[in-house]
Amino acid sequence: MSDADFARPAMDVDVACVGFGPAAAGFLTVLSRALANTSGAAKALESRAAPGLPLQVVCYERADGIAFGVSGVVTRAHGIRATLPDLTADQIPMAAAVAEEKLVYLLDPIGVSHRSRTLRLADGILRGLKLARDSACELPYIPPFLEKDGGMVLSLGQFLEHIGGELMGAGAVQIWPGMPVSEPLIEDGRVAGVRLADMDVRAALTVVADGPVGAVGRRLDLEFGRPPGHAHREWALGMKMVVELAPEKALRPGTVIHTFGYPEPEIFGFLYALPGNLAAVGIFVPSWFRNPMRTAYRYLQHYMLHPHLWRYLQGGKLRSWGAKSLAESGRRAEPFLCGHGYARIGEGSGSTNPLAGSGVDEAWTTGAQLAEAVLELLLEGRPLTKENLEASYVALRRKSWVEQGARIAERARDGFHGGVIRGMAGMALAGMTNGRLWLKGEPHPLADLHEYYRGRIPAEELDRIVADCRARGVPCHDTLMDRCGWPAIPYDGQLLVSHQDALLMGGKVQAPAGFADHVRFRDPELCRSCAAKTCIEMCSGQALSPGEDGVPAFDREKCVYCGACLWNCTGNLEFAAGAGGLHSNEN
Amino acid sequence: MPTPLHIVVCGGIVPDPLQTLEPAAPNAAFPAQPSLKNEMMLPAVLDPWAAHALFEAAHLSAQVPGSKVWLVSLGPKAKLQQVMMTIAQKAPFELVAIDGPASGFTDAFAAAAALAATIEQIPGLDRGRLLLFGGWESASRGAGSTLQMVGERLGITEQFQGVDRIAARAEGAGFEIMERIEGGRHQVSLLSSPPAVLGWATGYLPEPRNNPQVGMANMRTIMPALQRAKAAAMNGAGPSFASVRLPAVERQTRIVKDMPPEEIAREIVAWMGEE
């Protein structure tokens, strides 16, 4: 039976929102507030889908809870506070006002990271001049574009739960977790709603807020393309843990430490102190890190063991763990922000500012801007057409601080494609000149396996290790890192635990029955001919492993839905909408 | 045609059983009894046994036209709201919410009193058609006594515990109820007519898929019910807790798929022999 023969149930709403992250939270907060205060405007905000009722607004979230979000957040919270002027950190569990901010260069304390000669020389000078303590050098100055002074550190999960609770309590909008949206309904060049697993939801406006790897956003990109010159050039995988610090290691809540330089020079990291003696610790493994065997989990453990951080983390306990992909291209990957029947907000709409290392506040703001525009159109009785959305939402966004920051940041990270030092210099240049100057660089493909390990592991031995790991059905990165001299992780069963234990201890991986595998490989031959299989190496939950026939095997019960496999494959991988993923309210 | 039923499901919420639950001694936030550390931050779910009861109630209600299902839930209001976002998509019901603790340290007697008093006040509830459903155990406490006491307070003498199946008999001739008994066997009883209490084991129904239409219909009553929720007076005389602590846990985790049950059993026996 073809899909066309299948009589799919359908229902009508006015606004269907895809995904509940910070962008949708901003959108729904502004909309909900207006719907709750409809005096004088009640008629304009009446539902067309259900005449006589208020505007019917529903939001479908793939994960089984609204607090699934994974992010180590330090935010200036400009946009969030513009919407919620009375919001303070003490209203949200695990949030604190930024109290202290440091930028720290981490030297390599064990001498095995992949450092250039220049960087090794710089490390030697720092050590020689005794400028490094605990193999780290605290910079005396934080560039203004990085500063989060006056902002907040928070748990995105707790923040979203707080906002979601307020929204549901107000009763003007509905949020439905555990409901993946598989695709947009596209009819004659316009989006007419969304398709869920078992039914269609038709809507006058579809708000696409499903993040950087969302199925709906990617389908719209395929259908409508992107503006000329816009593409995803850079990605990163962020992985973090929430750690309960030992009582004697207490840090002042709101302490923010940004790091760079270790465990590999390309990898950035952070430690944010939260209330309750907790800390969020994590790293970003970017796409310009050319190691084809790149892994986030093992590197995160080495990161935590760096003496500068271990002095706080030693004796700590893992409270939660998570990972997510980050769209690091910002505005350069911006899609068409609206079309007939749809609008895009948040990270998937290119709102992330890669120079400031900020995304939550920007995403929230784009959502709030869309809500203001939609309300304006409805109150004026104008339809939600592409032209009207461009004249309202897009215009509002273009003249906002989000757009100004995005333009400054647009090329700030290009330099990283020419090396870490060039990248840092390029960032500084772009930041100091408001984006007028930057250092050029174009993305390279991943390094060939032999090229990356040349001088460290003889070619024959490298081939033998890879063949052996694949035969055993395990990723190669651990064996290769061991062989390169990275010390074994001293598991303590509390914070330093195996990758699989992190899945079990750091939250709950959901894989509800009745859904097909959401990761599939299109052409098995392409997989067999792929030497690196970076999708396996970078898989955050070890859900992908070497398969018997040369095609990676996928276990959806381990998938945390980070989406790293998507951008670590050259287009042979399908990443569909699926229920589940990792659930920890504390991430 | 069988008489339409009034099915009341008592279903509490529990912190997700897969999270680490650490007990904490009475403190400023919970002065009357111990609580769970970070309880308000942990994700909550409908108690798994009560969830089975709800799914069975919805199934039975669909088989007997004109029937209605209420879900009576005692828990912190904010957490109830969060759980309803998921559970409301699974089966049609009307929520009756009671604002109170749900940590598992609450005295079963006091919880039963609060539940029974609330059920008695449900408008339009016909005791002659009442089937009182709930879990025969709880993920937060395994005493299995609350539902029984609710039934007693409501004067319901027909009580079945460890139920795995209920089926309406033809021609309105009552119900056939299958209860678990010792030795992995079931006992089949005939219930001529309500009222009755059924404490559910796991039943045989799968968890229903989320249905957004069911969710939207339920939500029309859920939010008003949460706004109306009265605080339960749970601070009466009950058990006193001398101390609370987390049992020592030794993790020996290994994930293996498709392993034959015999082999799993052999390995567990061998492991126990080592202890």
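**Two chains and two domains**

User: Hi! How many residue pairs are in polar contact across the interface of chain A and chain B?

Analyst: The rule finds five such pairs, both residues being at pLDDT 80 or more. A polar contact is a pair of N or O atoms within 3.5 Å; within protein, one must be able to donate a hydrogen and the other to accept it, and residues adjacent in sequence count only if both atoms are side-chain atoms. This is a predicted model, where local features need pLDDT of at least 70 and side-chain atom pairs count only at pLDDT 80 or more, while totals for chains, interfaces and linings use all residues. Residues are numbered from 1 along each chain as its sequence is written, chains are lettered from A and ligands numbered from 1 in the order in which they are written, and side-chain values use heavy atoms, leaving out hydrogens and water.

User: Which element gives the largest share of chain A's side there?

Analyst: That is α4(A), with six residues. Helices (H or I, at least four residues) and strands (E, at least two) are DSSP runs, numbered from the N terminus.

User: Which residues form the salt bridge between the chains?

Analyst: E161(A) and K79(B) do, with their closest N and O atoms 3.3 Å apart. The rule finds one salt bridge across this interface, meaning a side-chain nitrogen of Lys or Arg within 4 Å of a carboxyl oxygen of Asp or Glu.

User: And how much area is buried between chain A and chain B?

Analyst: About 3000 Å², with carbon and sulfur atoms giving 56% of it. Buried area is the accessible area (1.4 Å probe) that two parts lose on being put together, summed over both. M168(A), W176(A) and K508(A) supply 20% of what chain A buries against chain B, more than any other three residues.

User: Switching topic: what domains does chain A have?

Analyst: The assignment gives domain 1 (8–83 + 156–232 + 331–408) and domain 2 (94–154 + 233–327); such bounds come from an automatic or database domain assignment. Their C-alpha centres lie 32 Å apart. About 2200 Å² is buried between domain 1 and domain 2 of chain A, 60% of it from carbon and sulfur atoms.

User: Which side chains make the salt bridge of K324(A)?

Analyst: The side chains of K324(A) and E347(A) meet at 2.7 Å, N to O. The count between domain 1 and domain 2 of chain A is one salt bridge.

User: Last one: in what order do the strands of the open sheet in chain A run?

Analyst: The order is β3-β7-β4, three strands with antiparallel pairing. Two strands pair if DSSP finds at least two bridges between them. The edge strands are β3 and β4 (96–97) of chain A, and A97(A) stands opposite M152(A) in β7(A).
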